[in-house]
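Reader: I would like to learn how to read this structure, one feature at a time. Where do we start?

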Amino acid sequence: MNLQPFSLVALSLLSVGCGRQGGSSSSNVQPAPARLVSILVEVYDPVTNFVWEGVSVRIVEADQEWYGGTFASPYQDWFLTDVNGRVLFDEDLLAGARVGFLEDDNGRAVLGPAANEDEATVLLEIDAVGFTPVFVQVPLQWNTPDVFVQVPFN
């Protein structure tokens, strides 16, 4: 028994059933949305493993993939770590630092899904009186837009 003609008919019927319905020629594929970005920084003493409260952290600059270059922040805004040794740079603070992030309709920092707009690297400076400043680069990606970074400081 030769099943090949039956297989072709079944395959043809299956492909018709999987095609468009209702005569519409438009596609329902939605582009992936841009994602809000944030950086949570924790500053700690590597000798004791205790966190540092009251340490200054600032956004220095960001290398933006969409631009192909770096934007230095025009501001010298310092943020102090809280009792947990942390500072949160949310999408509003990252946009406000003017380091070249794409922004959504509400002015919040985002990364887009396209290959040329899905990455950025933010340079942070950590400093306190009597200590040598530490610089740390924090990579952000569209698929991991919220980053937690622990920075040893002594």
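**Reading the model**

Author: We start with one side chain. Arginine 98 has a relative accessible area of 44%, so this residue is classed as partly exposed. Keep in mind that the model is predicted.

Reader: Where does arginine 98 lie?

Author: Arginine 98 sits in the loop that runs from helix H2 (91-96) to strand S7 (102-103). Its phi is near 55 degrees, a positive value in a residue that is not glycine. The side chain of arginine 98 also forms a salt bridge with glutamate 103, at 3.0 Å from N to O. Glutamate 103 is partly exposed too, with 38% relative accessibility.

Reader: What about the phi of asparagine 49?

Author: Asparagine 49 is not a glycine either, yet its phi is positive, about 65 degrees. This residue is in the loop between strand S2 (38-44) and strand S3 (56-64). Its relative accessibility is 58%, so asparagine 49 counts as exposed.

Reader: How should I read confidence?

Author: Where pLDDT is low, predicted coordinates should not be read in detail. Here the chain averages a pLDDT of 88, and 82% of the residues score at least 70. Over residues 1-20 the pLDDT falls below 50. That stretch has one contact in the model beyond near neighbours in sequence.

Reader: How many salt bridges does the structure hold?

Author: Four. One of them joins arginine 86 and glutamate 42, at 3.1 Å from N to O. This pair links distant parts of the chain, with arginine 86 in strand S6, glutamate 42 in strand S2, and their positions 44 residues apart. Arginine 86 is partly exposed at 32% relative accessible area, whereas glutamate 42 is buried at 10%.

Reader: Which residue does arginine 58 meet in a salt bridge?

Author: Glutamate 125, at 2.8 Å from N to O. Arginine 58 is in strand S3 and glutamate 125 in strand S9, so the pair ties together parts 67 residues apart in sequence. Arginine 58 counts as buried at 10% relative accessibility, and glutamate 125 is buried at 8%.

Reader: Which side chain of opposite charge is nearest to glutamate 91?

Author: Arginine 108, at 4.8 Å. The cut-off for a salt bridge is 4 Å. Glutamate 91 is buried and has no salt bridge. This residue belongs to helix H2. Leaving out residues up to four places away in sequence, glutamate 91 touches Leu36, Val37, Arg108 and Ala109.

Reader: How do I read a nonpolar core?

Author: In soluble globular proteins, nonpolar side chains tend to be buried together. The largest nonpolar core here has 30 residues, and Ile39, Phe89, Phe101, Leu124 and Ile126 touch the most other members. Elements that each supply at least two residues include S2, S3, H2 and strand S10 (134-141). S9 gives the largest share, four residues. Take phenylalanine 89: among its contacts more than four places away in sequence are Ile39, Val41, Phe79, Leu94 and Leu124.

Reader: And a sheet?

Author: Strands of a sheet pair through backbone hydrogen bonds, either parallel or antiparallel. One open sheet here has three strands in the order S1-S8-S7, with antiparallel pairing. Strand S1 (35-36) and S7 are the edge strands, each pairing on one side only. Two bridges join S1 to S8. Arginine 35 stands opposite leucine 111 in S8.

Methods. Residues numbered from 1 in each chain as written. Predicted model: local features only at pLDDT ≥ 70, side-chain atom pairs only at ≥ 80, totals over all residues. Heavy atoms only, no water. pLDDT = per-residue confidence, 0-100. Contact = heavy atoms within 4.5 Å. Buried < 20%, exposed > 50% of the residue type's maximum accessible area, 1.4 Å probe, protein only. Core = buried A, V, L, I, M, F, W, Y, C linked by side-chain atoms within 4.5 Å. Lys, Arg positive; Asp, Glu negative; His and termini not counted. Pairing = 2+ DSSP bridges.
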